[in-house]
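I opened the model today to look up how its helices pack and where its nonpolar residues gather.

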Amino acid sequence: MTPAQAAPTVAPGQSSIQQFQAGRYIVVLAEKPAARYDGGTPGLAATKPEAGRKLDARNQNVQRYRQHLQSVQKQVAGQEGVAIKRSFSTALNAFSAQLSAEQASKLAKDPKVLAVAPDRQYAPDYSSTDYLKLPGKTGLWQQQLGGVNNAGKGVVVGVIDSGYTPSSPFFAGDEVKPLQGAPKVGVPYRNEDGKIAMLKSDGDTFVGDCQAGDGFEGTECNSKVLSARYFADDFLNTVPPEHRAPEELISPVDVGSHGTHTASTAAGNANVHANLGDRDMGITSGVAPAAKLSIYKVCWEDDDPDTGGCYSSASVAAIDQAILDGVDVLNYSISGSATSTTDPVSLAFLSAVSAGIFVSVSAGNSGPTASTVNHGAPWLTTVAASSFTSELQGTVEFEDGSKFRGASLMATEVPYSNLVLSGNAASGTGNANLCAPNSLDPAKVSGKIVVCDRGVVDRVAKSAEVKRAGGVGMVLVNLSASSEDVDMHAVPTVHVNPPATQQIKDKVTANPAIKARLVNHDTTGLPVEPQPQVAGFSSRGPLLASGSDLLKPDVAAPGVAVLAGVSPIAEHGALFGMMSGTSMASPHIAGFGALALSKNPKWSPATIKSALMTTATDLKKADGSKDTDLFATGAGQVNPGGFLNPGLVYDAGQDDYLRYIQGLGFDLGIPGLGSTKTRDMNVPSFALGNLTGRIEVTRTLTALTPGLYRAVVNVPGVNVKVTPSVLNFNAAGQKKTFKVSFENAGAPLGQFAMGQLSWQGLGKSVTSPIAVRPQSAVAATNLSFTTAKGTDKATFPVTSGSDRPTKLTLDGLSKADATQIQLVPGPAGDTADASNASKTVTVPAGTPFARFAVVSSQDNADFDLVVLGPNGKVYTAATASASESVSLSNPAPGQYTLLANLYASPGNQPVKASLEASVLGASVGNATVTPNPLVLKNGKTADVTLAWKGLTPGSYIGRVSYAGSSVQTFVNVVVTGTGASVAAPAAESPDAGVRAKAEQELQKRPDLNQEDAPAAG
């Protein structure tokens, strides 16, 4: 008996399922953008700036090369009849366009095209300076930077967000005059074109533009805000005027507060006296008050969350412009991909980092759910949110003596009053439990304190509804542990968490006549909450992208109840407000990046990131113990006092990142570049998603403070060896490489073991977090076998991660519902004709796995597949492979329609194929896997045999699970019955569709704090 052959796996960058439907796309071309072009095209000189320099947009070589890229873009687009909406050539070689599904599919197959990605709509991620010990005689500004006037001097921070508020005192500045004499570092001037320019600390010159628009004359820029631009094309082209928010202004002006808050946090003026309503909040400042700002508005307001938000094409354009302007730091408090590190925005940021720009990004606000962290690329600094103060609290005091504390900003207290659960005071309109507008009955609410559930409805809208109905106060309760937010409410409010939530509800339910009062400070006598803690909403790892071999988030910073500027348009005239979210954490790190560059202008972005991570301090749990969950904390809480003197750094540059991309399976077409495994990327952390046997990784350290350092490492349950374990640096700038090996020694299988590696010497401790997951077994995630026989077998390799036996479980094999088709090449359509075939199937509830495929009878044909799922979801598999498939874990129940198209065939001849739908069920006794259990030494590899019997011709699916491992192997067995060759579908992740859907939903959610906006939920 001849065993069937396993189809070879395909590199991730070439085989990932591509989901296309009509819509807006960014088409990324293969040639390097100007910021990274180092020569190679005949007649076009290199344009990549030298190390430590910025791209000169006025250079003739740069202009010629950008013209070349734009010409090729027009050629590629013209071949498919595509009209380019916007062209990018600086940070990214790409164009945005409205594409049909067929155009997107064809462009994806063009050898000149690197990627075709949806132009997604992202949403914003929604005094800390005193807590961080920045101001004052003993603060960071004075002790290490020469005072507040030098804290960020000569540095420009770019903020890509929803604009800014020109009237905010955080952005006040002097009128900028024409240059008199020679330029001075950090002193803005008007150049010959009338634009604001400034000599920076690195010796380059920033030149911006103050772009006029609605409610913005273009004269508002000053010595603080040097430039303000907006990118509205996609918003204007997508959202009809009647659906745009009436308050929205097509200008750099912020109408929603998010951009104002992030910009003022990063680099707002110092010594701003703030108030929240009648409450004096004292003096506050931005993290880098002497730094200048450049504003890039990409986020817009409308009446539909599915069309508004922050368009990725606008973000790419903003990054492109920021590079040309000459910013030093970029803050991006906008959500992004949780499953890819090579999406268009991340690639544009790679160009920014290659140009020497430090980029801080928000981790996302979908915590505490695992694997929700955004922005996984190693060149980005991904920031988690932490709490930092317990001062703004109030108390719900019941007349029986019980007390419950929570967040509160109320200036006026509420005397003893009756309480009512909002659900018991329903008006019959809207959701009363959530205190939705007009949901409360005044007859049941008047004069009472109302208990309202958090969620869905803006938080301040809830208190406004209580006030409308005549209530005198509100207790806002979290249904699950989350942030306690400090908002400007319409009535005095205390915001509490479980277990207080249920205790308060039970008390009112048991005695509806009981009274309570609201007090504007903590009277419970309970110990003060330990700080800092990771916010419940802060997104967690492990990172889904790159096989979990990168550890994200990187570092944590204050992101709960952060006081900063807001838009008076959004906040009824207020200039100050508190917001929570990783959006608020990210600009803190951007500010620290500016402080670093003002003192060390030649530090690379990777050096800054390393300094922030390796000097970070511990975060705490609610009980005061150390929080050891690195997927929540990253390296830890930013350490203002230590990050400017890290001792050693893990540095990296453009080619390091490009080799990482090639290591993912992409072919960048750069001769001699090579590739780097994700786990060997020179980042200040260590992660292994799958540990079997002994795995060795490599890192390189650069000395800022030369001397002798000794390695100290601890990962409970894992043997870790550092070679060499002592490094002696003779001079600053010297580099030394070391290796770290990991081998399981009793850590639980299928779970991450966490610890740290510290290089200690000269009074310094250069510390990196470690997260490794020992697995009982590791194997391919997708395998296809083709055979002529109904009783046959095939083998596939499995690597053991344990000396103990590993039990294998097989689900299936489940036969596909197959329809035989024959098509001729032609355009794709949604109805059956000579070139298209369709099939409809029903997937029952509870199905663990489903696979839809078109299987070609010839391996030199090119079929494409579209699957229309329930709720309008569209999955498209359109690679250059002969056959295509779409696999879904835990698919939504309902009706699925399969559309197959023959894109091409030799000589345009007809080709036969099978259109198949496979729904996985439990084991039906038609197949086995042996040996079972698998008995193999840790780190050894052996073949596992999948044997089947009595299968009739057709396609079958199954799933092999391994006890003690998170890995699963999905198998596809095709029985031809004739000995004919059948082309296996292209490999693709079993979770590709589901994850894409989840990612799309996350990207549209505001990253302020979980489900709600500052004043939300």
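My entries below go from the model itself to one helix, then a helix pair, then the cores.

I note that this is a predicted model, in which local features need pLDDT of at least 70 and side-chain atom pairs count only at pLDDT 80 or more, while totals for chains, interfaces and linings use all residues. Residues are numbered from 1 along each chain as its sequence is written, and side-chain values use heavy atoms, with hydrogens and water left out.

I looked up helix H8 (residues 312-325), helices being DSSP runs of H or I with at least four residues, numbered from the N terminus. I found 13 of its 14 residues buried (under 20% relative accessible area, 1.4 Å probe, protein chains only), so H8 is largely enclosed by the rest of the structure. Gly326 follows H8 and has a positive phi, near 100°.

I then turned to H9 (residues 344-354) and H16 (residues 654-663), which pack at about 155° with axes 9 Å apart; they are therefore roughly antiparallel (over 145 degrees between N-to-C directions). In this contact (heavy atoms within 4.5 Å), Leu347, Leu350, Val353 and Ser354 of H9 meet Gln654, Tyr657, Leu658 and Ile661 of H16.

Lastly I checked the largest nonpolar core (buried Ala, Val, Leu, Ile, Met, Phe, Trp, Tyr and Cys joined through side-chain atoms within 4.5 Å), where, of 141 residues, Phe349, Trp379, Phe592 and Leu595 touch the most other members. Another core, of 27 residues, lies apart from it and includes Phe686 and Trp759.

Conventions:
Axes fitted to C-alpha atoms, helices over the stretch in contact; angles between N-to-C directions. Helix = DSSP H or I, 4+ residues; strand = E, 2+ residues; numbered from the N terminus. Parallel < 35°, antiparallel > 145°, perpendicular 65-115°, else oblique. Buried < 20%, exposed > 50% of the residue type's maximum accessible area, 1.4 Å probe, protein only.
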